[in-house]
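Reader: I would like a careful, close look at a single part of this molecule, followed outwards into its surroundings. Please take your time and connect the details as you go.

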Amino acid sequence: MDLGLGGKVAIVTGASAGIGFACSRALFQEGAAVVMVARDPDRARQAVDAILSGRSREEAARIITVAGDMNEPQTAKQAVTAALGVNGRIDILINNAGSAKAGSFFEMPEEAFLEAWNLKLLGYIRMVKEAAPHMIKQRDGRIVNIVGGAGRTPTPAFLAGSTANAALLNFTRGISKELAKSNVRINVISPGATNTERAEKLARQNAEAKGITVEAQKAEMNAAIPLGHMVAPSEIAAMALLLVSDHVPSITGTEIVIDGGQQPGV
Ligand SMILES: NC(=O)c1ccc[n+]([C@@H]2O[C@H](COP(=O)([O-])OP(=O)(O)OC[C@H]3O[C@@H](n4cnc5c(N)ncnc54)[C@H](OP(=O)(O)O)[C@@H]3O)[C@@H](O)[C@H]2O)c1
């Protein structure tokens, strides 16, 4: 299926590992130019090398890295400036940088909530505020917010992250109606447990909070997934490509859940 993404300009935050890396690689493989935002420049370089492996030197021009912390408002501005530098447009934004801590609520300091909200909730909102005006001017743009099943299905050991996620569902639905007037679409992908470095870290933190081993925590997680296995980052990337393509042009303001069937209720 030709997704028609050749020549598009995309920004991906949290792009050097996990889901962000999978989205960056998938967009690049479809012919888009990709601005990859992450803090650690060494890790970003390794990510770029992995994407460019076996590709010609000219193609390297289609990847730009921005070393920045999405906690800082200036990083959003830098990312947008870098994207506009390609050919004066921003077609796609994948908001993905987030790293809330898991742990027992009563031992969780207030700062853990503020950190999660500042990075993920405000980080995504800031990026939309910076990038969307350019999309509105173009009367074309596509935004995907990577949120997470905990937004609808909270657990006591992940409340800093789940409250940020719940607010992002609200934000996405609300702003979608404003952006729709200018043919800018914004949707959420909510992954369930996805096989990334962060999932490893969360499994360790959750195990500690519950007083069980990491192996027991992982076994518990897999047993709770009806399909019996974690999601691959490439699955999230594949859905993101579809959402930012023109194949489903009427979808906006909604949430796509990819979680092996784990979400309870209707
Ligand atoms: N994995 C899951 O099971 C799962 C489930 C539901 C939702 N999600 C959501 O999916 C998103 C990605 O998760 P992941 O598992 O792919 O994470 P990951 O494997 O830990 O990768 C995180 C990426 O984000 C970057 N990053 C972290 N903090 C950053 C910051 N302050 N500023 C800029 N970049 C930052 C990291 O690079 P640097 O450290 O170099 O900055 C890295 O490139 C998150 O929003 C997460 O909440 C994940």
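Author: Helices, here, are DSSP runs of H or I with at least four residues, and they are numbered from the N terminus. The model is a predicted one, and the part I have chosen to follow is helix α2.

Helix α2 takes in residues 41-52, and since each of its 12 residues should add 1.5 Å, the expected span is 16 Å, which agrees with the 16 Å between its end C-alpha atoms. Within α2, the residues Ala44, Ala47, Val48 and Ile51 are buried. These four cover an arc of only 100° around the axis, which means that they sit on the same side of α2. The spacing fits a general rule: an α-helix has 3.6 residues a turn, so residues three or four places apart point the same way. On the other side of α2, by contrast, Asp42, Asp49 and Ala50 are exposed. Just after the helix comes Gly54, with a positive phi of about 80°.

The buried residues of α2 pack against α1, β2 and β3, the last of these being residues 63-67. Two of these partners lead on to the ligand, around which there are 30 residues, the closest being Gly14, Gly18, Gly98, Gly148 and Arg198. Among the elements that give two or more residues to this shell are α1 (18-29) and β2 (33-38), together with α4 (110-138) and α6 (197-210). By character, the shell is made up of 12 nonpolar, 11 polar and 7 charged residues.

Of the elements in that shell, α4 holds Ile136, which counts as partly exposed because it has 16 C-beta neighbours inside 10 Å. Once its neighbours within four places in sequence are left aside, Ile136 is in contact with Ser182 and Val184; Ser182 stands 46 residues away from Ile136 in sequence, yet the two C-alpha atoms are 5.3 Å apart.

A strand offers a useful contrast with the two-sided helix α2. In β5 (residues 141-146), 6 of the 6 residues are buried, so this strand is largely enclosed by the rest of the structure. Gly141, Ile143 and Asn145 point one way from β5, and Arg142, Val144 and Ile146 point the other way. That pattern is the expected one, as side chains in a regular strand alternate between the two faces of the sheet. Strand β4 (residues 92-95) runs parallel to β5 and is joined to it by 4 bridges, with Val144 in β5 as the bridge partner of Ile94.

Terms used: Residues numbered from 1 in each chain as written. Predicted model: local features only at pLDDT ≥ 70, side-chain atom pairs only at ≥ 80, totals over all residues. Near = placed C-beta within 6 Å. Nonpolar A, V, L, I, M, F, W, Y, C, P; charged D, E, K, R; others polar. Expected span 1.5 Å × (residues − 1). Buried ≥ 20, exposed ≤ 12 C-beta atoms within 10 Å, placed from the backbone. Arc of directions from axis to C-beta. Contact = placed C-beta atoms within 7 Å. Pairing = 2+ DSSP bridges.
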